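Trainee: Could you take me through one part of this model closely, and then show me what surrounds it? I'd like each cut-off spelled out as you go.

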Amino acid sequence: MVDQYAVIGNPVAHSKSPMIHEAFARQTRQDMTYERVLAPLDGFADTIRDLIAKGYKGVNVTVPFKFEAFALCDFHTEQAKSAGAVNTISFTANGIYGNNTDGDGLIRDITRNLDTAISGKRVLLLGAGGAAEGVFQPLLAECPGLLVVANRTLQKAENVVSKSHHESRQAKATTFEGLKNQQFDIVINATSTGLTDTALPVPDTVFAEGCLAYDMMYGRETPFMKQARNHGAQVVDGLGMLVEQAAEAFAYWRGIRPETQPVIAMVRAL
Ligand code: NDP
């Protein structure tokens with residue numbers, strides 16, 4: 001039987017993960033399938049049980065199920081533990097293993113693909129959901145000069161910052177209003193507002209000269225990207241992160257790391 005994988009989310013129709021994993025499988029000659037699975041908002045655990053019963057080997061988890069995925073796993077990698085959120089699951093005879101590859105994916109895209117150092121920079125992370133949890137510790141590990149997490153619900157931003165493993169003097173939580181009079185060298189949108197074309201109440205002044213504005217959303221120009229572009233930032237979408245985090249997930253499942261550059265170029269060209 002061919003090894004079966006899937007991405008589970010709600011919504012999930014926009015996901016490019018199947019095309020990316022199919023390209024990785026062709027490149028590395030792995031015999032596997034990968035599809036999209038839409039889980040009801042109140043039916044994530046049932047959907048997972050169904051996939052296990054059907055013999056699936058693993059899944060990627062996307063919005064809004066990464067915390068539920070963490071709770072469902074029997075074992076967690078260090079990356080998953082520090083994020084408290086899971087985006088990659090492996091089903092084994094011993095139990096359900098959870099990993100989080102979002103952080104590695106973002107850091108690789110910014111530092112290698114975009115050739116932008118994070119060390120010493122003033123970094124703003126917008127959002128405090130599963131994606132933000134996944135990238136917070138890896139961002140701190142790059143030693144930014146300052147890392148501010150801003151979220152609509154302040155409590156969630158405070159939770160993210162309070163879990164810091166590193167010297168946390170440079171990490172702070174705030175609301176969007178609290179960003180007045182602050183400037184950043186790298187601004188990362190990890191909210192889900194790109195999915196609904198909703199503008200964020202972020203002051204135009206957050207984009208310092210030469211700022212990199214990174215939206216984790218991909219495949220469309222979001223209101224955040226428009227705002228950043230209008231205020232002189234270099235604007236990048238989350239396609240590179242998507243492919244890099246997928247490569248980490250693929251390596252976790254299959255034990256072989258695919259080349260990402262040709263796959264980023266292929267998806268970008270579509
Ligand atoms: P979650 O549902 O876990 O979190 C959503 C976040 O968005 C929360 O911080 C929430 O704030 C905020 N938010 C939602 N609506 C609004 C709004 N109207 N105004 C202000 N803030 C809002 O989602 P994820 O963290 O899993 O995913 C976030 C985004 O990142 C998605 O678009 C996803 O597709 C993308 N992503 C991309 C990846 C890539 O590889 N490129 C990888 C991972 C994610 P509050 O806490 O106040 O509700």
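Mentor: Gladly; we will start with one helix and work outwards to the sheets.

First, the ground rules. This is a predicted model, in which local features need pLDDT of at least 70 and side-chain atom pairs count only at pLDDT 80 or more, while totals for chains, interfaces and linings use all residues. Residues are numbered from 1 along each chain as its sequence is written, and side-chain values use heavy atoms, with hydrogens and water left out. Helices (H or I, at least four residues) and strands (E, at least two) are DSSP runs, numbered from the N terminus.

Our part is helix 6. Of its 12 residues, 10 are buried, leaving the helix mostly covered. Here buried means under 20% relative accessible area, exposed means over 50%, and partly exposed lies in between, with a 1.4 Å probe and protein chains only. The buried residues are Gly130, Ala131, Ala132, Glu133, Gly134, Val135, Phe136, Gln137, Leu139 and Leu140. Glu133 deserves a pause: it sits in helix 6, and it counts as buried because its relative accessibility is 6%. Beyond its neighbours within four places in sequence, Glu133 is in contact (heavy atoms within 4.5 Å) with Phe67, Ala83, Ala128, Val160 and Lys163. Just after the helix, Cys143 takes a positive phi of about 60°.

Now bring in helix 5. The axes of helix 5 (residues 102-113) and helix 6 (residues 130-141) come within 7 Å and cross at roughly 60°. That makes helix 5 oblique to helix 6: angles under 35 degrees count as roughly parallel, over 145 as roughly antiparallel, 65 to 115 as roughly perpendicular, and the rest as oblique. For these angles, axes are lines fitted to C-alpha atoms, for helices over the stretch in contact, and values run from 0 to 180 degrees between N-to-C directions. The crossing of helix 5 past helix 6 is right-handed, meaning that the near helix is turned clockwise from the far one by less than a right angle; anticlockwise would be left-handed. Helix 5 contributes Asp102, Gly103, Leu106 and Ile107 to the contact, and helix 6 contributes Ala131, Gly134, Val135, Pro138 and Leu139. By type, those residues divide into 6 nonpolar, 2 polar and 1 charged. In that scheme Ala, Val, Leu, Ile, Met, Phe, Trp, Tyr, Cys and Pro are nonpolar, Asp, Glu, Lys and Arg are charged, and the others, Gly among them, are polar.

Leu140 of helix 6 leads us on to Gln170. Gln170 lies in the loop between helix 7 (154-162) and strand 9 (171-174), and at 15% relative accessibility it counts as buried. Setting aside neighbours within four places in sequence, Gln170 is in contact with Leu140, Pro144, Gly145, Leu146 and Leu147.

Strand 9 then takes us to a sheet. It is an open sheet of 6 strands in the order 9-8-7-10-11-12, with parallel pairing; two strands pair if DSSP finds at least two bridges between them. Strand 9 and strand 12 (234-236) are the edge strands, each pairing on one side only. From one strand to the next, the twist averages 15°. Strand 10 (residues 184-189) is joined to strand 11 (residues 207-215) by 5 bridges, and the two run parallel. Within that pair, Val187 stands opposite Ala213 and Ile188 stands opposite Tyr214. Helix 8 (residues 223-230) packs on this sheet, touching strand 7 (122-126), strand 10, strand 11 and strand 12, and its direction makes about 160° with that of strand 11. Strand 11 is mostly covered, with 7 of its 9 residues buried. On its other pairing, strand 11 runs parallel to strand 12 over 3 bridges, and Tyr214 has Val236 as its bridge partner in strand 12.

To finish the surroundings, there is an open sheet of 6 strands in the order 2-1-3-5-6-4, with mixed pairing. Strand 2 (32-38) and strand 4 (75-76) each have a single partner strand, so one side of each is left without a neighbour in the sheet. Strand 3 (residues 58-61) pairs with strand 5 (residues 88-92) in the antiparallel sense over 3 bridges, with Asn60 opposite Thr88. Helix 1 (residues 17-28) lies across strand 1 (3-9), strand 2 and strand 3, at about 170° to strand 2.
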